[in-house]
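Reader: I should like to learn how the features of a protein model are read. May we go through one together?

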Amino acid sequence: MTAPSIYLLDYGAGNVRSLVNAVHHATGLSMTPITQASDFAKADIVVFPGVGAFGQAINGLRALGFVDALLAYIQSGKPFFGICVGLQSLFSASDETPGVNGLGVVPARITKFDSSTKTVPHMGWNAAVTPVSSSDGGLIDPTARYYFVHSFAAMYTPALADYAYALTRYGDQTFVAAVRFRNVFATQFHPEKSGAAGQRLLRAYLLTHAKATAPLPSAFPTTIPDALSKRIIACLDIRANDAGQLVVTKGDQYDVRETSGSGDVRNLGDPVDLAVRYYREGADEVALLNITSFRSVPVADLPMLAVLRNASEKIFVPLTIGGGIRDIVEPSGNVVKALDVVAAYFRAGADKVSIGSDAVYAAENLWKNAKNGVLPAAGDGTTAIEQIARVYGAQAVVVSVDPKRAYVVDPSMTSHTVMRAPVPGPNGEQYCWYQCTVKGGREARDLDVVQLVQAVERLGAGEILLNCMDTDGTKSGFDLTLVSLVKKNVRIPVIASSGAGHAQHFVDVFQKTNVDAALAAGIFHRREVPLPSVKEFLVQSGVPTRVDEA
Ligand code: 1PR
């Protein structure tokens with residue numbers, strides 16, 4: 001049997017490396033990029049991993065002159081496999097980009113999730129429910145969870161019965177998780193980021209199902225439960241140690257040096273080895289933070305690029321890269337724009353980028369334009385957050401916040417949002433506000449965490465990674481006051497970080513706040529509380545959790 005020739009439809013907007021790696025890992029097959037319209041005729045299977053916004057995907061195809069050739073390919077009956085915006089582009093139109101026509105293969109419109117009732121984007125691991133009588137032998141596993149990240153979707157109505165192949169419930173809405181009809185198959189979720197379940201799907205589709213005709217539509221179960229799970233994220237703080245070797249390190253309250261003896265940077269292992277270990281243990285995402293990003297290096301030599309390239313060949317869950325996402329002045333004086341810095345990271349295999357200090361400056365500037373305490377409706381388009389969100393989508397932009405408690409005796413002593421302090425201050429103060437910092441906590445700013453998250457959401461950030469300098473490395477539990485405060489003030493997903501000491505802390509943060517994900521570093525690195533045991537405890541405690549070790 002000869003291997004199918006798989007062609008990749010990439011209009012150049014983002015990272016297709018994850019997909020190329022995932023397909024190769026699952027099947028041993030390589031994919032050939034389509035570079036001209038005549039390539040469609042050579043393909044046995046065309047894969048279209050749409051990235052970014054709907055209009056950008058369609059206009060990208062149009063600019064390359066691929067729309068007619070793609071429609072002719074689909075008409076020819078050969079297998080087409082779309083992913084995410086690759087599914088949405090099959091529809092007639094989308095509210096994301098009014099006025100731009102889709103391919104129109106499915107006669108319906110893509111609309112936005114209702115954010116008045118839930119967090120948007122829909123981000124994380126959810127089930128994809130197939131028809132009751134599906135005897136399709138393992139293409140989509142209804143007992144597994146797959147990775148979704150999107151703000152727009154095809155909401156399910158009976159008019160879509162001939163096209164829908166899997167449905168997912170998110171809050172009060174049911175949408176199409178996969179379409180399958182004739183020679184077309186497309187998923188709203190990302191199989192290439194869906195761990196072992198995604199690997200099984202890629203193998204089953206590309207090696208077996210692509211050649212088969214789609215089964216005839218049949219009825220879905222009458223109720224589709226919302227199975228979105230709480231995410232567990234493993235975080236690696238990475239820097240060069242004193243010998244110049246890139247290592248995973250971990251501080252207490254951001255101090256990463258040994259407190260006794262040598263005073264060396266703590267070395268907890270090799271970044272790629274540890275990241276792969278966490279993937280195998282069932283991490284829902286892995287975050288890699290370059291914590292010495294304020295140092296000036298030529299962008300092409302950024303050591304994190306090599307780490308990412310390596311990690312993305314072996315890890316098939318979302319990878320976030322952070323540290324130094326801003327305009328960079330190279331030692332030569334050459335300025336590299338933030339958008340070009342992230343392009344290098346996305347090409348190397350990142351799925352999201354996390355912005356720290358630069359987001360604080362952007363928020364401060366937006367607040368300067370506030371009128372009577374009300375933020376402007378949008379920024380001026382110049383910040384890294386806005387530019388990256390425009391090109392790669394809001395879901396690709398995480399803002400990493402490094403707040404620390406500023407204690408006050410009385411709430412009237414500051415204009416910032418004051419909370420009752422979770423623990424009293426050094427002089428017995430009962431109140432605090434959460435002060436934002438930059439440069440890895442080295443410099444405090446006159447901006448509180450509520451001001452920061454509101455501003456960056458307005459600028460288009462898709463998620464908040466909420467650290468806490470007071471609890472970082474202390475193993476005393478997440479700062480639930482801080483997490484609840486931030487969660488109340490934004491619609492986008494929030495990741496609780498800093499302070500995890502045992503499995504009960506994860507249960508507490510999920511049961512006492514409605515946070516979307518929780519992140520830990522030290523306890524995982526030192527194997528004090530292994531990641532699988534956290535997941536097991538969450539399951540026992542009734543917290544929706546994905547269990548699918550690779
Ligand atoms: O400002 O855009 O260059 O980003 C710098 C990034 O590096 C930020 O995301 C910032 O949080 C991070 N960072 C900078 N310095 C440090 C440091 O530790 N000296 N690390 C640092 C932040 C916090 C978390 C940690 C959690 C969980 N470390 O990353 O993983 O607190 O830890 P735990 O579970 O052990 O308590 P820019």
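Author: The turns that follow take up the sheets, a helix, the ligand shell and the positions listed in a record. Please keep in mind that the model is predicted.

Reader: Let us begin with the sheets. What holds the strands of a sheet together, and in which directions may they run?

Author: Strands of a sheet pair through backbone hydrogen bonds, either parallel or antiparallel. In this model, one open sheet has 7 strands with mixed pairing, in the order β2-β1-β3-β4-β12-β11-β10. Its edge strands are β2 (31-33) and β10 (164-170), each of which pairs on one side only. On average, neighbouring strands of this sheet are turned by 25° against each other, with direction ignored.

Reader: How many bridges join β10 to β11, and do these strands run parallel or antiparallel?

Author: There are 6 bridges between β10 and β11 (residues 173-181), and the two strands run antiparallel. To find the place in the structure, look for R169, which stands opposite T174 in β11.

Reader: Which order do the strands of the open sheet of 3 strands have?

Author: The order is β5-β6-β9, and the pairing is mixed. Here β5 (91-94) and β9 (152-153) are the edge strands, each pairing on one side only. Strand β5 is joined to β6 (residues 106-112) by 3 bridges, and these two run parallel. One point to locate is A93, whose bridge partner in β6 is R109.

Reader: I turn now to a helix. Which residues of α10 are buried?

Author: A residue is called buried if 20 or more other C-beta atoms lie within 10 Å of its own. In α10 (residues 384-392), the buried residues are A384, I385, E386, I388, A389 and Y392. They pack against α8 (338-348), β19, α9, β20 (397-401) and α11 (449-459). After the helix comes G393, which has a positive phi near 95°.

Reader: How does one describe the surroundings of the ligand?

Author: One may ask which residues come nearest, which elements supply them, and what classes they belong to. The ligand has 32 residues around it, and G356, S357, S400, G440 and G522 come nearest. The elements giving two or more residues to this shell are β13 (231-240), β19 (352-355), α9 (357-368) and β27 (517-520). By class, the shell holds 11 nonpolar, 16 polar and 5 charged residues.

Reader: Which residues does UniProt list for "binding site"?

Author: The unreviewed UniProt entry lists G324 and N467 under that name. G324 lies in the loop between β16 (319-322) and β17 (328-329). It counts as buried because it has 26 C-beta neighbours inside 10 Å. N467 is in the loop between β25 (463-466) and α12 (480-489). With 27 other C-beta atoms within 10 Å, N467 is buried as well. Not counting residues up to four places away in sequence, N467 touches S400, V401, D402, D472, S497 and S498.

Reader: Where does UniProt place the feature "active site"?

Author: In the unreviewed entry, that feature is placed at C84, H190, E192, D237 and D402. These positions are spread over 319 residues of sequence and also in space, with up to 32.0 Å between C-alpha atoms.

Reader: Where is H190 found, and what is it in contact with?

Author: H190 is in the loop between β12 (184-187) and α5. Apart from neighbours within four places in sequence, its contacts are I83, C84 and Y147. H190 is buried, because 23 other C-beta atoms lie within 10 Å.

Reader: Is E192 buried or exposed?

Author: E192 counts as buried, because it has 28 C-beta neighbours inside 10 Å. Its place is in the loop between β12 and α5. Leaving aside neighbours within four places in sequence, E192 is in contact with S18, L19, A22, G198 and F316.

Reader: As a last case, why is H209 described as buried?

Author: H209 is buried because 22 other C-beta atoms lie within 10 Å. This residue is in the loop between α5 (195-207) and β13. Beyond its neighbours within four places in sequence, H209 is in contact with L139 and A204. The C-alpha atom of H209 is separated by 43 Å from that of Q504, which is 295 residues apart from it along the chain.

Terms used
Residues are numbered from 1 along each chain as its sequence is written. This is a predicted model: local features need pLDDT of at least 70, side-chain atom pairs count only at pLDDT 80 or more; totals for chains, interfaces and linings use all residues. Two strands pair if DSSP finds at least two bridges between them. Helices (H or I, at least four residues) and strands (E, at least two) are DSSP runs, numbered from the N terminus. Axes are lines fitted to C-alpha atoms, for helices over the stretch in contact, and angles run from 0 to 180 degrees between N-to-C directions. A residue is near a molecule or strand if its C-beta atom, placed from the backbone, lies within 6 Å of it. Ala, Val, Leu, Ile, Met, Phe, Trp, Tyr, Cys and Pro count as nonpolar, Asp, Glu, Lys and Arg as charged, and the others, Gly among them, as polar. A residue is buried if 20 or more other C-beta atoms lie within 10 Å of its own, exposed if 12 or fewer, and partly exposed in between; C-beta atoms are placed from the backbone. Two residues are in contact if their C-beta atoms, placed from the backbone, lie within 7 Å. UniProt positions are given in the numbering used here, feature names are shortened, and annotations may be inferred rather than shown by experiment.
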